[in-house]
Amino acid sequence: MGGSLLGIAAVALGLVLTPGPNMIYLVSRSIVQGRKAGLVSLLGVGAGFLVYLAAATAGIATVFVLVPPLYTAIKLAGAGYLLWLAWKAVRPGGESAFAPRALPVDPPRRLFAMGLVTNLLNPKIAILYVSLLPQFVDPARGHVAEQTFLLGVTQIAVALTLNAVIVLSAGTVAGFLGRRPGWLRAQRYVMASALGGLAVKIAAERRAAAVTP
């Protein structure tokens with residue numbers, strides 16, 4: 001089980017460091033409204049992880065594995081969404097995740113709700129729980145639900161820790177990039193490349209192996 005926990009931790013690390021909807025929202029909110037607002041938003045993101053974990057532990061993800069057309073449709077939709085985000089970053093007038101932007105000042109309840117919704121609609125996280133996490137479960141060990149829960153908790157711990165660092169440092173990074181337009185532009189292309197690469201990888205992945213509940 002230790003190897004599986006390290007494996008899912010590595011996957012979680014890679015996903016957090018790949019710019020996506022969660023990072024864009026958390027960075028934008030932290031820059032515009034401050035670190036406290038960013039951390040409240042992060043709590044909402046964490047709640048979204050728990051929703052996915054509850055579904056995975058209950059075996060709902062297995063339905064997608066056993067119904068290939070449904071899994072394929074979700075996978076391609078997620079890949080298409082990531083490609084759209086990549087295009088938004090590099091198109092004329094595109095913006096960096098760290099570029100200051102006008103956002104309304106929202107109360108804590110809305111910050112939490114927006115963090116939750118952003119994560120629930122994040123195709124990267126959906127793909128993680130539908131296709132990647134089950135691959136680290138070993139039915140031969142038994143207690144599949146318990147294994148899934150431990151793997152999910154590990155992923156959540158890694159994701160929340162790294163995202164908290166991003167929230168707390170977003171203002172500093174934005175200020176650094178703001179004084180260096182060339183770096184800000186380069187960051188957009190790096191983000192677009194990462195999103196595009198992830199989209200291609202997701203679209204090309206073979207269907208996950210079925211997991212016995």
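Buried residues make up 46% of the 213 residues in the chain. The model is a predicted one. Its secondary structure consists of 9 helices and 0 strands, and from the N terminus on the elements run α-α-α-α-α-α-α-α-α. Of the contacts in the chain with a separation of 6 or more, 85% are made by residues 24 or more positions apart. The exposed surface of the chain comes to about 10400 Å², of which carbon and sulfur atoms supply 71%.

In soluble globular proteins, nonpolar side chains tend to be buried together. In the present model, the largest nonpolar core contains 31 residues. Leu26, Phe49, Leu128 and Tyr129 touch the most other members of this core. At least two core residues are supplied by each of helix 1 (2-17), helix 2 (21-33), helix 3 (35-57), helix 7 (123-132) and helix 8 (144-178).

Helix 7 is mostly covered, with 10 of its 10 residues buried. The buried set in helix 7 includes the nonpolar residues Ile125, Ile127, Leu128 and Val130, and also Lys124 and Ser131. Tyr129 is found in helix 7 and has a relative accessible area of 2%; a residue counts as buried under 20%, so Tyr129 is buried. The C-alpha atom of Tyr129 is separated by 6.6 Å from that of Ala56, although the two residues are 73 residues apart along the chain.

Helix 6 covers residues 108-120. At 1.5 Å a residue, its 13 residues should span 18 Å, and the C-alpha atoms at its ends are 18 Å apart, in agreement with that expectation. Buried positions in helix 6 are Leu111, Gly115, Thr118 and Asn119. Seen down the axis of helix 6, these buried residues fall within an arc of 95 degrees and therefore line one face of the helix. An α-helix has 3.6 residues a turn, so residues three or four places apart point the same way. The packing partners of the buried residues of helix 6 are helix 2, helix 3 and helix 7. Of these partners, helix 2, helix 3 and helix 7 each also supply at least two residues of the largest nonpolar core.

Side chains of opposite charge can pair when their charged atoms come close. The structure holds 2 salt bridges. One of them joins the side chains of Arg29 and Asp106, with an N to O distance of 3.0 Å. Arg29 lies in helix 2, whereas Asp106 lies in the loop between helix 5 (68-90) and helix 6; the pair therefore ties together parts that are 77 residues apart in sequence. Both Arg29 and Asp106 are buried, and the relative accessible area of Asp106 is 11%.

A salt bridge is also formed by the side chains of Arg110 and Asp106, at 3.5 Å from N to O. Arg110 has a relative accessible area of 44%, and a residue between the limits of 20% and 50% is classed as partly exposed, so Arg110 falls in that class. Arg29, Asp106 and Arg110 are thus linked in a network of salt bridges.

Notes:
Residues are numbered from 1 along each chain as its sequence is written. This is a predicted model: local features need pLDDT of at least 70, side-chain atom pairs count only at pLDDT 80 or more; totals for chains, interfaces and linings use all residues. Side-chain values use heavy atoms; hydrogens and water are left out. A nonpolar core is a set of buried Ala, Val, Leu, Ile, Met, Phe, Trp, Tyr and Cys residues joined through side-chain atoms within 4.5 Å. Buried means under 20% relative accessible area, exposed over 50%, partly exposed in between (1.4 Å probe, protein chains only). Helices (H or I, at least four residues) and strands (E, at least two) are DSSP runs, numbered from the N terminus. The expected span of a helix is 1.5 Å times one less than its number of residues. The arc is that of the directions from the helix axis to the C-beta atoms. Contact means heavy atoms within 4.5 Å. A salt bridge is a side-chain nitrogen of Lys or Arg within 4 Å of a carboxyl oxygen of Asp or Glu. Accessible areas come from the Shrake-Rupley method with a 1.4 Å probe; for residues, only the protein chains shown count as cover.
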